Amino acid sequence: MIRRSLFLQIFGPQVLILLLSLGAVAIYAWYTGWVVRRDERLQIMYAQAELVAQAVFNEDGSPKPADELDRFCRKMRVEEGLRFTVLDPGGRVIAETDAIAAELPSHADRPEIQDALRQGRGYCDRHSSTLHRNLFYAARSISRHGQVVGVVRVAMPSDQLFHELAHANFGAFLLVALTCVVAALLSYALALRVVRPVAAMRVSVARIGVGDFDTRLAIPSLPPLAELARSINQTTDRLQGEIRALAEERSLRERILASMTEGVLALDAQNRVAAINNAARSQLGIGDRPLVVGLPIFELVRRADLLALVDAAADQTAERELAEPGTSDTALWARASALRGSGDVRIGTLVVLSDISHVRRLERVRQEFVANVSHELRTPITSIIGFAETLLEGKASLEPATTERFLGIIRRQAGHVQSIVTDLLLLSRLEDQNNGFEKELTPLAGIVGNAIEVCQTHAQTRQVEVRVAIPAGMRVCAHAGLLEQALVNLIGNAIQYGGSGGKVEISAEAIPNQGGTRISVRDFGPGIALSHIDRLFERFYRIDKGRSRELGGTGLGLSIVKHIAQVHGGTVAVASEEGKGSVFSIWLPADGKAEG
Ligand code: ADP
């Protein structure tokens, strides 16, 4: 289609110009030929008229007798094929080759006759009312002794003159026609040579225009077109490079924004969303709602504190905490500042949102912890102070046995405070990332043996049998002191809560799929209700608070076990069935390295 219209645009005007120029030359040549031919013919006709005049008029200028004139006319008509008319100076027909003279009207009004009478000669190409056809007339006046004695008019059919001219110019016309055809063929070939590559170029340029920057123009053979195609290709190369660089830059910017944990929200001068990253979407509860760019922020996020912050950022950088409605654990810290374009003109607002929920959570945990510690310490300290004051006030009156009992209570409570403080210090050390606990491959049986030894007295008091099943030569990568402490806590609990007169089993096994070692402490006591299992390893969590305190428990034992397992990169777990007992297990990885 493109090719056809291009072809018509180039080839059409060429052919038109060719036809016009050759046509003009042909018309001019025809006209000139016709004038020359007509003038030649006129000279012959004037000469013929002179000859006729000599035969028709006497020497004195009088016309020959009528019968002689008739004979002469017939002879000239039949033998010479000449048609002529003889008129007297008044225009009356005296002799006529093709009609009877006497019957003809006056010819004084004929233009060629008038011209001949006025200026000696005249001609005209017109319709003959006598013969009813187009004739070419040539007339000349005949003078004798200075007097016009008549007019002789010679005539020939107009188309005869035309045929003569056409015959004479036939070769020339043939040449013109041939030139026309050859020139048209040449211009067709030339047009094709230009049209084909131009059409191909147009198709390629159109492809580039719609963004297909991999398209390159074929280089045509015509040098100017080849030059053009090369420049277009170079421009496309440059464009493609620049567009690729721009796209990469844009995608990098988008990736940076997308992978930021901080929420980023850019607003234009009318507070419409110009850009927003995933973090900001989830922080502001927009989710993956499409087409948010361009929407006014107040339509998108109905949070007065955020809108107030954006307003406040009109003059200077503003920041504040955005409370998440309905939750106490989620909190955002928002910082809004003016977004400036070229010339330092303010073009909008940039809001950066940081999730400070973990800070709030830590604060809460800290507060709870302080409250727990205070609560745990308050009872023994109150007790110590109470008994100490009683002793001080009644030192003279108190029985020695009572004094000793009170002192015993003070010592036990002080011991309890000491246990809490010791456990808290250990926990704090365990939580410290740089605690410096070195681990090494150590025989497990030794560590377990030491732990049992520590619990021996307790076990004997509770008449609990402690059984050990550790594979011979099994070694673990651990800090021996810490692992022993964890096992002491678990064995101690099993003896304490597993019921007196029972038994405790300590076993270990290598875990084939997971790798590492699992050490388990099993008791056959009352077990633990499912509702407690999840919180069992929290600090100060006890199932029976009063009983635990009575027994001197701090509520920190299992929390310490969990932290010791974590220091080794391991985990702790409990499986329990009410009425059947519990199994507490520590899994230690083979390399003893903490994850992360
Ligand atoms: P405590 O100092 O009270 O022993 P722990 O952190 O060691 O603190 O244990 C928390 C609570 O878990 C205990 O108070 C007890 O109620 C429960 N517990 C621990 N071990 C067992 C066990 N083997 N059987 C039943 N209950 C247990």
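The shell around the ligand in this predicted model is made up of nine nonpolar, seven polar and two charged residues. In total, 18 residues surround the ligand. Those closest to the ligand are N493, D523, S548, G555 and L558. Three secondary-structure elements, α12 (480-497), α15 (557-567) and β17 (581-588), each contribute at least two residues to this shell. The largest share is that of α12, which provides three residues.

Polar contacts to oxygen atoms of the ligand involve both side-chain and backbone atoms of the protein. In Y497, a polar side-chain atom is placed 3.0 Å from an oxygen atom of the ligand. For I543, a backbone N or O atom lies at 3.3 Å from a ligand oxygen atom. A polar backbone atom of G557 is likewise 3.3 Å from an oxygen atom of the ligand. The ligand taken alone exposes 530 Å², of which the protein buries 95%.

The ligand occupies the space of the largest pocket. This pocket has a volume of about 1,400 Å³. Its lining comprises 48 residues, and N493, Q496, Y497, S548 and G553 are the closest of these to the pocket centre. Two or more lining residues come from each of α9 (357-393), α10 (400-431), α11 (444-462), α12, β15 (517-523), α14 (545-550), α15 and β17. The greatest contribution is made by α12, with nine residues. By class, the lining of the largest pocket divides into 17 nonpolar, 21 polar and ten charged residues. N493 and S548 are thus listed among the residues closest to the ligand and also among those closest to the centre of the largest pocket. Y497, whose side chain provides the contact at 3.0 Å, is another of the residues closest to that centre.

The second largest pocket has a volume of about 450 Å³. It is lined by 20 residues, with E368, N372, E538, R539 and F540 nearest its centre. At least two lining residues are supplied by each of α9, α14 and α15. Here the largest share, seven residues, comes from α9. The lining of the second largest pocket contains five nonpolar, five polar and ten charged residues. The elements α9, α14 and α15 that supply this lining are also listed for the largest pocket.

With respect to enclosed space, a search of the whole structure returns one cavity of 30 Å³ or more. The volume of the largest cavity is about 30 Å³. Its lining is formed by R83, H107, R110, R126, S128, S129, T130, Y137 and R153. Sorted by class, these lining residues comprise one nonpolar, four polar and four charged.

Notes. Residues are numbered from 1 along each chain as its sequence is written. This is a predicted model: local features need pLDDT of at least 70, side-chain atom pairs count only at pLDDT 80 or more; totals for chains, interfaces and linings use all residues. Side-chain values use heavy atoms; hydrogens and water are left out. On a 1 Å grid over the protein atoms alone, a cavity is a set of points where a 1.4 Å probe fits but cannot get out, and a pocket is an open set with protein on both sides within 12 Å along at least five of seven lines; lining residues have an atom within 4 Å of a point. Grid points are joined across faces, edges and corners, and a volume is the space filled by probe spheres set on the points. Ala, Val, Leu, Ile, Met, Phe, Trp, Tyr, Cys and Pro count as nonpolar, Asp, Glu, Lys and Arg as charged, and the others, Gly among them, as polar. A residue is near a molecule or strand if one of its heavy atoms lies within 4 Å of it. A polar contact is a pair of N or O atoms within 3.5 Å; within protein, one must be able to donate a hydrogen and the other to accept it, and residues adjacent in sequence count only if both atoms are side-chain atoms. Accessible areas come from the Shrake-Rupley method with a 1.4 Å probe; for residues, only the protein chains shown count as cover. A molecule sits in a cavity or pocket if more than half of its atoms lie within 2 Å of its grid points. Helices (H or I, at least four residues) and strands (E, at least two) are DSSP runs, numbered from the N terminus.
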